[in-house]
Amino acid sequence: MLLGNIYRRTMPVSLARVAAAVERATDIRVDVLDLKARDPARETEYKRVDLGDRMAIVNRIGASFDIAADAIRRSDIIGLSNHFTYESGVIRDLISFARRVRPDVRIIVGGADAKARPQFYLDVGADLVFRGDVSPEELVSNDWSVKRIVGDYRHPFSEMSRPAFDKLQPVSQYSDSHDGPVPDGVGTPVGFIHFTRGCPRECDFCESRRTKFEALPLADALAMINHYASFGIRTLNFADDNLLLLKRDYLQALFAALRERGFAW
């Protein structure tokens with residue numbers, strides 16, 4: 001029996017956004033290695049959970065860590081992203097692997113779970129943990145002597161609206177949504193997109209409340225749609241927490257533009 005969705009071919013748009021922002025602001029060259037996409041059919045058991053009358057076997061999807069060894073050896077900084085607490089053990093193991101391959105490599109971690117539990121990632125070996133967006137200034141700093149949590153830096157939202165999809169080639173491999181494979185007849189590839197970030201509400205159970213609500217200006221939102229279309233993306237998976245909080249005129253213009261360009265969503 002399978003518990004929950006299995007993500008095999010979901011596009012890591014957040015990594016493409018970070019790559020674009022860092023290369024625009026610094027002289028750092030960024031490459032993206034998506035281990036899931038390298039071998040989406042491969043499953044590796046990495047832990048078991050005792051449920052009393054039965055045992056849950058937890059598998060990691062994707063290529064062996066060994067695939068990343070060459071990238072680790074030639075890199076000065078390794079950036080890891082994790083949004084889900086249940087995957088934090090994989091990040092812990094990958095940090096340990098990177099340290100064995102190259103003990104002096106600098107390791108940074110970001111993502112929703114890092115924002116909610118930054119100390120965990122410091123404890124398992126990260127040098128910097130970002131509670132907000134990745135700060136390009138921190139990456140070019142000469143002070144890496146103290147492992148630390150970097151505060152709630154917010155990169156200009158408009159500057160993150162053109163993800164570096166060229167880092168994810170071929171884009172056509174990303175055929176899943178966050179609910180798994182899409183139904184027959186839905187065009188692929190599937191791209192994840194958001195026009196807002198954060199939330200104005202204060203629900204204790206939700207990480208999104210930690211980020212101030214912000215919406216892309218409509219002109220930037222429309223330019224982002226065109227950017228996605230230029231890479232052949234056909235279906236959009238909205239990653240907004242609160243898209244429908246936007247004003248009616250904004251939403252009508254946005255959905256009309258999506259329909260005009262032939263997107264499904």
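**View 1. Lysine 147 sits in a loop of this predicted model, between α7 and β6**. The loop in question joins α7 (136-139) to β6 (148-150). Is lysine 147 buried, partly exposed or exposed? Its relative accessibility is 43%, so lysine 147 counts as partly exposed. Setting aside residues up to four places away in sequence, you will find lysine 147 touching Arg99, Leu122, Gly125, Ala126 and Asp127. If you would like a landmark for this view, try arginine 102: its C-alpha atom is separated by 17 Å from that of lysine 147, and the two residues are 45 apart along the chain.

**View 2. Glutamate 23 belongs to helix α1**. With a relative accessibility of 29%, glutamate 23 counts as partly exposed, because that class lies between the buried limit of 20% and the exposed limit of 50%. Which residues does glutamate 23 contact, once neighbours within four places in sequence are left aside? They are Ile28, Arg29, Val30 and Lys167. For a longer span, look to aspartate 240, which is 217 residues from glutamate 23 along the chain. The C-alpha atoms of glutamate 23 and aspartate 240 are separated by 25 Å.

**View 3. Helices α8 and α9 meet at a crossing of roughly 15°**. Two packed helices are described by the angle between their axes and the distance between the axes. Here α8 covers residues 218-230 and α9 covers residues 248-260, and their axes come within 10 Å. The crossing angle falls under 35 degrees, so α8 and α9 are roughly parallel to each other. The handedness of this crossing is right-handed. On the α8 side, Leu218, Ala221, Leu222 and Ile225 take part; on the α9 side, their partners are Tyr250, Ala253, Leu254, Ala257 and Leu258. By class, the contact of α8 with α9 has nine nonpolar residues, no polar ones and no charged ones.

**View 4. The largest nonpolar core brings together 40 residues**. In soluble globular proteins, nonpolar side chains tend to be buried together. Met11, Phe165, Phe195, Tyr228 and Ile233 have the most contacts inside this core. At least two core residues come from each of α1 (13-25), β5 (128-130), β9 (190-193), α8 and α9. Apart from this core lies another, of 22 residues, including Leu35, Ile72, Val90 and Ile95.

**View 5. A closer look at methionine 11 shows its contacts**. What does methionine 11 contact beyond its neighbours within four places in sequence? Its partners are Phe165, Leu168, Val171, Tyr174, Val190, Gly191, Phe192 and Ile233. Among them, Phe165 and Ile233 also appear with methionine 11 in the list of residues with the most contacts inside the largest nonpolar core.

Definitions and conventions: Residues are numbered from 1 along each chain as its sequence is written. This is a predicted model: local features need pLDDT of at least 70, side-chain atom pairs count only at pLDDT 80 or more; totals for chains, interfaces and linings use all residues. Side-chain values use heavy atoms; hydrogens and water are left out. Axes are lines fitted to C-alpha atoms, for helices over the stretch in contact, and angles run from 0 to 180 degrees between N-to-C directions. Helices (H or I, at least four residues) and strands (E, at least two) are DSSP runs, numbered from the N terminus. Angles under 35 degrees count as roughly parallel, over 145 as roughly antiparallel, 65 to 115 as roughly perpendicular and the rest as oblique. A crossing is left-handed if the near helix is turned anticlockwise from the far one by less than a right angle, and right-handed if clockwise. Contact means heavy atoms within 4.5 Å. Ala, Val, Leu, Ile, Met, Phe, Trp, Tyr, Cys and Pro count as nonpolar, Asp, Glu, Lys and Arg as charged, and the others, Gly among them, as polar. A nonpolar core is a set of buried Ala, Val, Leu, Ile, Met, Phe, Trp, Tyr and Cys residues joined through side-chain atoms within 4.5 Å. Buried means under 20% relative accessible area, exposed over 50%, partly exposed in between (1.4 Å probe, protein chains only).
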